[in-house]
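Visitor: I would like to see how labels get attached to a structure. Could you take me through some?
Guide: Gladly. Ask away.

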Amino acid sequence: MRRPLIIGNWKMNKTASEAAALIRDLRERVPASPNADVVLAPPFTALESARNALGPSSWISLAAQNLHWETHGAFTGEVSASMLRDLDCRYVIVGHSERRTLFGERDENIQKKVRAALMHGLSPILCVGESLAEREAGRTESVVTAQLNGSLAGLTTQDLATVTIAYEPIWAIGTGRAATTEQAVTVHRSIRLFMETGWDSQTASAIRILYGGSVTPQNIESLLASDAIDGALVGGACLDPDSFATIIGAAQTRRA
Ligand code: PGA
């Protein structure tokens with residue numbers, strides 16, 4: 001069975017000192033548990049203080065929110081996979097819809113980022129999702145499939161063993177209007193089918209597919225009630241330690 005995974009995407013929030021305080025508050029509220037994986041994605045500038053606040057061999061892991069595909073060089077303002085590894089990041093979010101819509105990221109570059117992450121031992125969390133107009137035009141599945149194809153084409157089953165997919169409908173992000181469990185499950189099933197067709201059934205059944213978009217303490221249980229949903233990528237609600245602790249708790253006690 002796939003282990004639930006809860007990721008807190010802090011986006012452009014929290015200074016380095018605020019990060020340490022938030023992690024202290026969170027750790028007071030959440031017991032360590034082998035039943036779910038928990039990952040925090042602070043901004044680059046807070047990764048080091050987050051690592052120090054978590055302490056050595058913490059059961060909570062770190063992710064970065066982005067990376068550049070080159071290892072080093074004249075790329076002003078960019079950060080490479082090896083720099084993130086050096087700060088003990090285990091994961092990296094790639095292709096978040098805010099990167100795609102606000103910063104013009106395309107599948108072609110997202111694919112390079114996925115490959116760079118894998119090459120340096122970082123587990124990519126690949127975000128996909130449709131806009132409201134695309135959903136209303138009945139194009140959800142084709143949009144998501146094209147994003148997956150554009151970002152994952154050519155990867156081996158071994159590569160995919162450390163990839164996580166986050167289905168994040170753009171209309172649900174930061175709007176308070178989460179997808180229903182049924183809407184999410186439909187897309188998650190089509191993603192798994194795509195993985196099975198493109199690779200094999202073992203890869204398709206092993207890959208974790210998270211839901212993201214207005215996840216809250218109120219809707220997490222309903223989302224996790226479906227075994228098609230392996231966890232959540234949480235934005236707004238992860239900045240409040242009580243809310244995020246409740247969301248983590250729901251994953252930790254799933255099917256307990
Ligand atoms: P949200 O963000 O939970 O605030 O909707 C989710 C995300 O963008 O990953």
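Visitor: Which residues are closest to the ligand?
Guide: This is a predicted model. In it, 13 residues surround the ligand. The closest are Lys11, His96, Glu168, Gly174 and Ser214. By class, this shell has four nonpolar, seven polar and two charged residues.

Visitor: What makes the pair of Lys11 and the ligand a polar contact?
Guide: Compare the distance with the cut-off. A side-chain N or O atom of Lys11 is 2.7 Å from an oxygen atom of the ligand. The limit is 3.5 Å, so this pair is a polar contact. The side chain of Glu168 also has an N or O atom 2.7 Å from a ligand oxygen. For Gly235, a backbone N or O atom lies 2.8 Å from an oxygen atom of the ligand.

Visitor: How much of the ligand does the protein bury?
Guide: Alone, the ligand exposes 280 Å². The protein buries 95% of that.

Visitor: Why is Phe194 called buried?
Guide: Its relative accessibility is 15%. Buried means under 20%, so Phe194 counts as buried.

Visitor: What makes Phe194 and Trp199 an edge-to-face pair?
Guide: Their ring centres are 6.1 Å apart, and the planes meet at 70°. Pairing needs centres within 6.5 Å, and edge-to-face needs over 60 degrees, so the label fits. The count of aromatic pairs comes to two.

Visitor: Which residues touch the most other members of the largest nonpolar core?
Guide: Leu152, Ile191 and Met195 do, in a core of 71 residues. Beyond its neighbours within four places in sequence, Ile191 is in contact with residues including Val128, Leu148 and Tyr167. Another core, of 12 residues, lies apart, with Val39 and Leu233 among them.

Conventions:
Residues numbered from 1 in each chain as written. Predicted model: local features only at pLDDT ≥ 70, side-chain atom pairs only at ≥ 80, totals over all residues. Heavy atoms only, no water. Core = buried A, V, L, I, M, F, W, Y, C linked by side-chain atoms within 4.5 Å. Buried < 20%, exposed > 50% of the residue type's maximum accessible area, 1.4 Å probe, protein only. Contact = heavy atoms within 4.5 Å. Near = heavy atom within 4 Å. Polar contact = N/O pair within 3.5 Å; in protein donor to acceptor, adjacent residues only side chain to side chain. Areas by Shrake-Rupley, 256 points an atom, 1.4 Å probe, with all protein chains shown as cover. Nonpolar A, V, L, I, M, F, W, Y, C, P; charged D, E, K, R; others polar. Phe/Tyr/Trp six-rings, centres within 6.5 Å; stacked < 30°, edge-to-face > 60°.
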